[in-house]
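Open the model in your viewer and set it to cartoon. We will go stop by stop, selecting as we go.

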Amino acid sequence: MRRYTLVWSAVLFFLSFSGLAQQIPDWENPEVFAINTEKPHATFLHFNQQSPDTNKKQLSNYKLLNGTWKFKWVKNPSERPPEFYKEGFNANQWDDIDVPSDWQMRGYGYPIYTNIIYPFPKNAPDIPDDFNPVGSYKRKFTLSKEWVAKRVFIHFGGVNSAFYLWINGQQVGYHEGSKTPTEFDISQYVKEGENDIAVQVFRWCDGSYLEDQDFWRVSGIERDVILFATEKVRLENVVATASLDRETYQKGSLKVAISAKTHLEKPVKELRVKTQLLKDGIILSARTGKITNNEGKLLIELTSENIDVKPWSAELPELYELQVFLSDMEGNQ
């Protein structure tokens, strides 16, 4: 009988330990650094050929969510406001905070300056439960019927150091990496008319162990928050590699690798793509090609040679504009 009791005690201990292991929060779990985020890609803007305005603040398919948000600060995760992400939650009594900003610069907590010494007890990947401030943000935004009919994404330029995102009461995802931009596809979460967005930011996460360097430790939504809409057939990534003729350094070459993604019920077999390299509005090079669907991937590489370019240097920077046009085989963009 005594042996039977010992066996059951061991089983119960194992189950308890397994339960605890499953309850490791994302911000202390090295195996979790992103949930439901888009793949990283080069920085570029989506625009229609009819209005190629490269200022994202003026494009009709871009909305800047910078400005005043409702804000609640607590000193540790256990004090986070429950269910604040729900649409019916009343945050009117919360403080206002400007986004982007660091909350220490607005009177919440304090900044820390250190180099090789960690700002918290070193016990990777654990973060202190008694002092890991959390900031909860809420605001509204409005979308038109035309926006909702497209693919809708949200871009965070930088959040320090880890955060969750909810749209209309539904959890969209999670990301950590304080100086790394990230995007989420929120098409299935948004609706025509008024929408609710909630963001919860943690001052430290397990990724903070990798950010130990000589700088100020501050927290919050530190860079732009941008909504943008794309067509259901869209550019996914553009990788441009430029080089010079090594003999004269007067002629340039440009290799552009382009990937596209579709969100249609029927697969797309082919797409048409065109690249243009411009300097001060003058086209220096143009290439066209077809993207063929290869095992579910739409990829193409276009190369231009002998381009009249001026070498770039830090003292004499020469900037060029690259435009990539995507269309179906009938030319519809």
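Select strand β3, residues 67-74, and strand β6, residues 134-143. In this predicted model, the two strands pair in the antiparallel sense, over five bridges. For one rung of that ladder, show K72: its bridge partner in β6 is S136.

Now widen the selection to the sheet around this pair. Seven strands make it up, and the sheet is open. Follow the order β1-β10-β9-β12-β6-β3-β4, with antiparallel pairing. Which strands stand at the edges? They are β1 (34-35) and β4 (95-99). Each has a single partner strand, so one side of each is left without a neighbour in the sheet. While side chains are on display, keep one rule in mind: in a regular strand they alternate between the two faces of the sheet.

**Next stop: β7**

Select residues 151-156, strand β7. Is this strand largely enclosed or not, and why? Five of its six residues are buried, so the rest of the structure largely encloses β7. The cut-off for buried is under 20% relative accessible area.

Add β15, residues 225-230. Six bridges join β15 to β7, and the two run antiparallel. Show H155 and look across to I226 in β15, which stands opposite.

Then add β11, residues 182-185. β11 also runs antiparallel to β7, joined by four bridges. Here F153 is the residue to show, with D185 of β11 opposite.

**Next stop: H263**

Keep D185 on screen and select H263. H263 sits in the loop between β17 (251-262) and β18 (270-279). Which residues does H263 touch, leaving aside its neighbours within four places in sequence? They are R151, D185, K232 and R234. Draw a distance between the side chains of H263 and R234: a polar contact of 3.0 Å joins them.

**Next stop: a pocket**

Switch on a surface. Rolling a probe the size of a water molecule over the atoms shows where empty space is left. Look for the second largest pocket, with a volume of about 490 Å³. To centre the view, select H41, T43, H155, P181 and E183, the closest to the pocket's centre among the 23 residues that line it. H155 is the residue you showed opposite I226. Strands β11 and β15 each supply at least two residues of this lining. Colour the lining by residue class: 10 residues are nonpolar, eight polar and five charged.

**Next stop: R223**

Select R223, in the loop between β14 (220-221) and β15. Buried, exposed or partly exposed? R223 is partly exposed, at a relative accessible area of 37%.

Add G157. Along the chain, R223 and G157 are 66 residues apart, but 4.8 Å separates their C-alpha atoms. Beyond the neighbours within four places in sequence, R223 is in contact with P100, G157, G158 and K179. Zoom in on K179: the side chain of R223 reaches the backbone oxygen of K179 at 3.3 Å.

**Last stop: the whole chain**

Clear the selection and zoom out. The protein has two helices and 21 strands. Of its 333 residues, 41% count as buried. Among contacts with a separation of 6 or more, 75% come from residues 24 or more positions apart.

How values were computed. Residues numbered from 1 in each chain as written. Predicted model: local features only at pLDDT ≥ 70, side-chain atom pairs only at ≥ 80, totals over all residues. Heavy atoms only, no water. Pairing = 2+ DSSP bridges. Buried < 20%, exposed > 50% of the residue type's maximum accessible area, 1.4 Å probe, protein only. Polar contact = N/O pair within 3.5 Å; in protein donor to acceptor, adjacent residues only side chain to side chain. Contact = heavy atoms within 4.5 Å. 1 Å grid on protein atoms, 1.4 Å probe; cavity = no way out; pocket = protein on both sides within 12 Å on 5 of 7 lines; lining within 4 Å. Points joined across faces, edges and corners; volume = space filled by probe spheres on them. Nonpolar A, V, L, I, M, F, W, Y, C, P; charged D, E, K, R; others polar.
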